[in-house]
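The exercises below are meant to be worked with the sequence and the model open side by side. Try each task before reading its solution.

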Amino acid sequence: MPFWTEVVPRLSDGKIKVKLSSITELGVPGSQMIKLVRSGVYDVADTVASYAGEDIKVLDALDISGVSPTIEDIRETTAAFMPVIQKTLREKAGTEVLASWPTTGLVFWCQSEVTKLSDLQGKTVRVFNGVLADFVSGLGGSPVSMPFAEMARPCSAA
């Protein structure tokens, strides 16, 4: 936030002013952010890649659950695939990637003890994107999709 609210205005001699609002505050699904930038509603937007992957499937590749277990692995796979992402967003959405940051920690919470992935079998698990739903299904769980902001109590382990 300080980058946008302090650094950008300072570097632009006050010519650029930034108003930040979260997608939760705006009530806008993350899957709509690229469309809203392309249409001119927003000049710059941020979204979780897998949210936008609803419309642009190649973005799901940045968040394949269980594939990159460390931050170093995620940085490496993201860097390797970023040229494909950039090209696809230019061609399909008329937008540019300004920055990306990998996130780690596929974390599940559960009331019962979960010590290994097979413990998810038969559990109902809240998920926030299709990639995670596929992962949970593959482990024998039953994914229930809902936006991340609404996930008051996710379930299980990885």
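**Exercise 1. The largest nonpolar core**

Which residues make up the largest nonpolar core? Work from the predicted model, and then trace the core back to its secondary-structure elements.

*Solution.* Step one is to list the members, which are Phe-108, Val-114, Leu-120, Val-125, Val-127, Leu-132, Ala-133, Phe-135 and Val-136, nine residues in all. Step two is to assign them to elements: those that give two or more residues to this core are β1 (124-127) and α6 (130-138), and α6 gives the most, with four residues. Step three is to look beyond this set, where a second, separate core of eight residues is found, with Ile-34, Ile-56, Ile-85 and Leu-89 among its members. As a general background to both results, nonpolar side chains in soluble globular proteins tend to be buried together.

**Exercise 2. The surroundings of α6**

Determine which residues of α6 are buried, what they pack against, and what follows the helix.

*Solution.* Beginning with burial, Val-131, Leu-132, Ala-133, Phe-135 and Val-136 are the buried residues in α6. Turning to their partners, these buried residues pack against β1 and β2 (142-145). Finally, the residue Gly-140 follows α6 and has a positive phi, near 90°.

**Exercise 3. Two loop residues compared by burial**

Are Asp-13 and Thr-95 buried or exposed, and where does each of them lie?

*Solution.* Asp-13 is placed in the loop between α1 (2-11) and α2 (23-26), and its relative accessible area of 68% makes it exposed, because exposed means over 50%. The backbone of Asp-13 deserves a separate step, since its phi is near 55°, a positive value in a residue other than glycine. For context, most residues other than glycine have a negative phi.

Thr-95 lies in the loop between α5 (71-93) and β1, and with 11% relative accessibility it counts as buried, because the cut-off for buried is under 20%. When residues up to four places away in sequence are not counted, Thr-95 touches Ile-34, Val-37, Arg-38, Leu-89 and Arg-90.

**Exercise 4. A nonpolar surface patch**

Which residues make a nonpolar surface patch of about 640 Å², and where is Leu-98 found?

*Solution.* The patch is made by Met-1, Phe-3, Trp-4, Leu-20, Val-44 and Leu-98. Taking Leu-98 as the example, one finds it in the loop between α5 and β1, where it is exposed, with a relative accessible area of 65%.

Technical notes: Residues are numbered from 1 along each chain as its sequence is written. This is a predicted model: local features need pLDDT of at least 70, side-chain atom pairs count only at pLDDT 80 or more; totals for chains, interfaces and linings use all residues. Side-chain values use heavy atoms; hydrogens and water are left out. A nonpolar core is a set of buried Ala, Val, Leu, Ile, Met, Phe, Trp, Tyr and Cys residues joined through side-chain atoms within 4.5 Å. Buried means under 20% relative accessible area, exposed over 50%, partly exposed in between (1.4 Å probe, protein chains only). Contact means heavy atoms within 4.5 Å. Patches are made of residues with over 30% relative accessible area and no salt bridge: like charges are joined within 9 Å, nonpolar side chains (Val, Leu, Ile, Met, Phe, Trp, Tyr) within 5 Å. Accessible areas come from the Shrake-Rupley method with a 1.4 Å probe; for residues, only the protein chains shown count as cover. A salt bridge is a side-chain nitrogen of Lys or Arg within 4 Å of a carboxyl oxygen of Asp or Glu.
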